[in-house]
Amino acid sequence: MTNELYAVVGNPISHSKSPRIHSLFASETGEPVEYTAIQAPLDNFAGAVKQFFDRGGKGLNVTVPFKEEAWQLADRRTERAENAGAANTLYLDEDGRLTADNTDGCGIVRDLVSNHGVALKAARILVLGAGGAVRGVLGPILAEHPASITIANRTVAKADALVDLFTPVAGETALSACGFEQPSEPYDLIINGTSASLQGDLPPLSPKVIAKKTVVYDMMYSLQTTTFNQWALEQGAQIVHDGLGMLVEQAAESFRIWRGISPATRPVIEELRND
Ligand code: ATR
């Protein structure tokens with residue numbers, strides 16, 4: 001059978017783990033998938049997408065810095081892409097319309113709930129950051145019915161804007177916004193969605209937000225303990241996870257959308273962890 005073509009598009013792209021993850025899924029499932037990486041010019045993402053689908057490509061993952069542009073470019077969006085304001089998965093529907101989905105939120109929820117056994121229902125959650133990464137995951141987390149989500153951000157106005165945006169889908173969950181210094185009670189779950197560590201920074205949080213039972217989840221992924229998780233451990237956290245599982249789970253959900261098959265993720269997470 002001829003392989004069908006998929007790719008991840010970003011800029012830069014050489015560091016991307018998506019080709020490796022999808023190749024492992026293809027071997028595991030026996031699906032005829034060929035998956036490559038495309039570096040799109042910063043000023044011509046739309047041209048790269050058009051060229052890919054004109055050549056018969058079946059599906060694209062989209063990464064930094066094009067997720068918002070992918071969302072804008074699409075002819076139609078799934079509800080979760082609509083809420084996320086960004087797309088990480090593109091494909092043509094049966095009518096040939098460019099369709100945008102976002103599997104990042106599904107990825108973090110599956111990693112937390114299925115891989116790490118974290119209960120989100122009725123949980124008190126502190127989310128750090130209010131950029132694209134956080135917006136991308138709030139909808140699926142809210143769908144698990146946590147008791148509350150406090151969004152803390154350096155620029156409080158951006159956290160306020162996310163509260164306004166997600167209040168209509170928050171149901172019984174109490175949504176609130178604040179600065180980093182304000183939270184001073186222990187949370188069940190703390191999710192770091194800031195990019196502070198890329199500048200060697202840490203959000204200036206009170207150590208009081210961490211109790212022994214607090215689950216700390218850094219959406220960043222690193223072969224060593226991430227900067228944020230290292231800080232959390234020093235404050236007494238006993239359960240810390242990084243974003244590797246989320247990365248694999250969001251890829252698995254894209255694979256399911258494209259191929260109709262959900263690959264097993266645990267062997268792939270283990271394989272990447274051992275790289
Ligand atoms: P991403 O797509 O990774 O979410 P983004 O939309 O630029 O990227 O958002 C980055 C997030 O990390 C924001 O919440 C940002 O805070 P501001 O909204 O105040 O800019 C946060 N962030 C980035 N650098 C930070 C730092 N040095 N300290 C604390 N927060 C930081």
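What share of the 275 residues in this chain is buried? Hi everyone, let's start there: buried residues make up 51% of the chain. Please keep in mind that we are looking at a predicted model.

Now for the overall dimensions. A compact globule with 275 residues would have a radius of gyration near 19 Å, and our chain agrees, because its own value is 19 Å. Along the principal axes, the C-alpha atoms fill a box of roughly 55 × 40 × 35 Å. The chain exposes about 12600 Å², with carbon and sulfur atoms supplying 49% of that area. As for contacts between residues at least 6 apart in sequence, 70% of them join residues at least 24 apart.

On to the secondary structure, where you can find 10 helices and 12 strands. I'd like to show you one sheet. It is open, has six strands with mixed pairing, and follows the order β2-β1-β3-β5-β6-β4. The edge positions belong to β2, residues 33-39, and β4, residues 76-77; each has a single partner strand, so one side of each is left without a neighbour in the sheet.

As a quick reminder, strands of a sheet pair through backbone hydrogen bonds, either parallel or antiparallel. Here, β5 (residues 89-92) and β6 (residues 98-101) are an antiparallel pair, joined over four bridges. If you want to click on one, take Tyr 91, whose bridge partner in β6 is Thr 99.

Finally, two helices lie across these strands. Helix α1, residues 18-29, lies across β1, β2 and β3, and runs at about 175 degrees to β2. Helix α9, residues 244-259, lies across β1, β2, β3, β5 and β6, at about 5 degrees to β5. Thanks for listening!

Key: Residues are numbered from 1 along each chain as its sequence is written. This is a predicted model: local features need pLDDT of at least 70, side-chain atom pairs count only at pLDDT 80 or more; totals for chains, interfaces and linings use all residues. Side-chain values use heavy atoms; hydrogens and water are left out. Two strands pair if DSSP finds at least two bridges between them. Contact means heavy atoms within 4.5 Å. Axes are lines fitted to C-alpha atoms, for helices over the stretch in contact, and angles run from 0 to 180 degrees between N-to-C directions. The radius of gyration is taken over C-alpha atoms; the globule rule is 2.2 Å times the number of residues to the power 0.38. Buried means under 20% relative accessible area, exposed over 50%, partly exposed in between (1.4 Å probe, protein chains only). Accessible areas come from the Shrake-Rupley method with a 1.4 Å probe; for residues, only the protein chains shown count as cover.
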